[in-house]
Amino acid sequence: MPTLHWSPKSPYVRKVMICAHELDLLPRLTLVRSVAAMLQPNERLMRDNPLSKIPTLVLEDGNTLFDSVVICEYLNELAAGPLFPREGAAKWQSLRWHAFGDGLLDALILWRNERERSDATRSQALIDAFELKVRASLRQVEKEAAALQASGFNIGHLTLACALSYMDFRFDALVWRTGAPQLAAWHGAASMRPSMRATEPQLQG
Ligand SMILES: N[C@@H](CCC(=O)N[C@@H](CS)C(=O)NCC(=O)O)C(=O)O
């Protein structure tokens with residue numbers, strides 16, 4: 001069985017887990033708890049992914065796949081699933097929403113790293129820049145909430161949903177729902193999917 005380097009808190013791992021649930025592939029994966037932290041390269045993980053990042057998938061033939069979107073697309077192909085629209089406007093829209101969600105996650109994680117530095121080394125200018133970009137992105141995605149609602153759940157939807165849930169998990173002070181009521185309604189409905197419920201980040205673990 002393919003082995004997934006996994007953690008219950010990583011939003012990128014969550015993308016893969018949502019795909020696995022949606023595609024009914026979870027029973028075909030072995031999960032290995034792997035700790036990945038920017039300042040603590042994980043030797044065991046690095047044997048499979050020299051970048052020391054999760055998620056990383058080790059296939060039965062020993063080949064490895066990363067990063068999250070590559071693993072998601074692999075799973076989707078394995079199950080001939082609907083999570084990666086193949087052509088036309090739906091394809092580009094799903095990839096753009098995916099890039100939007102991943103870009104938000106990248107910014108939030110760097111923001112969190114900066115926030116957790118000691119006062120002496122923390123850059124307020126960086127923190128302000130992250131906040132500006134995240135808030136501008138939220139305003140834009142709010143305008144696209146109706147289009148999200150109107151299209152079938154795919155890699156774009158699940159990645160944006162993971163980014164919004166990550167704000168709830170690590171950035172509750174952002175109060176992102178204020179000023180984004182349509183997006184909040186869409187996220188609330190998406191969060192009811194069994195795949196989303198089964199993969200909610202755990203504070204413990
Ligand atoms: N672009 C990557 C990002 C993965 C990522 O940064 N994962 C974090 C955990 S949430 C990680 O492994 N961090 C360790 C590090 O950056 O060294 C993906 O989509 O899989």
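Modeller: A polar contact is a pair of N or O atoms within 3.5 Å. The model discussed here is predicted.

Biologist: What makes the pair formed by Ser68 and an oxygen atom of the ligand a polar contact?

Modeller: A polar side-chain atom of Ser68 lies 2.6 Å from that oxygen atom. The cut-off is 3.5 Å, so the pair counts as a polar contact.

Biologist: Which residues have an N or O atom that makes such a contact with a nitrogen atom of the ligand?

Modeller: Ile54 has a backbone N or O atom 2.8 Å from a nitrogen atom of the ligand. For Asp67, an N or O atom of the side chain is 3.0 Å from a ligand nitrogen atom. Both values are within 3.5 Å, so these pairs are polar contacts as well. The ligand on its own has 510 Å² of accessible area, and the protein covers 84% of that.

Biologist: Where is the ligand, and which residues are around it?

Modeller: The ligand takes up the space of the largest pocket. Around the ligand are residues including Tyr12, Met38, Lys53, Ile54, Asp67 and Ser68.

Biologist: How many residues of that shell are nonpolar, polar and charged?

Modeller: Seven are nonpolar, three are polar and two are charged. Lys53 and Asp67 belong to the shell, and Lys and Asp count as charged.

Biologist: Turning to another residue, why is Leu105 called buried?

Modeller: Leu105 has 0% relative accessibility. Buried means under 20%, so Leu105 qualifies. Leu105 lies in helix H4, which spans residues 88–115.

Biologist: What separates Leu105 from Leu23?

Modeller: Their C-alpha atoms are 23 Å apart, and the two residues are 82 residues apart along the chain.

How values were computed. Residues are numbered from 1 along each chain as its sequence is written. This is a predicted model: local features need pLDDT of at least 70, side-chain atom pairs count only at pLDDT 80 or more; totals for chains, interfaces and linings use all residues. Side-chain values use heavy atoms; hydrogens and water are left out. A residue is near a molecule or strand if one of its heavy atoms lies within 4 Å of it. A polar contact is a pair of N or O atoms within 3.5 Å; within protein, one must be able to donate a hydrogen and the other to accept it, and residues adjacent in sequence count only if both atoms are side-chain atoms. Accessible areas come from the Shrake-Rupley method with a 1.4 Å probe; for residues, only the protein chains shown count as cover. On a 1 Å grid over the protein atoms alone, a cavity is a set of points where a 1.4 Å probe fits but cannot get out, and a pocket is an open set with protein on both sides within 12 Å along at least five of seven lines; lining residues have an atom within 4 Å of a point. A molecule sits in a cavity or pocket if more than half of its atoms lie within 2 Å of its grid points. Helices (H or I, at least four residues) and strands (E, at least two) are DSSP runs, numbered from the N terminus. Buried means under 20% relative accessible area, exposed over 50%, partly exposed in between (1.4 Å probe, protein chains only).
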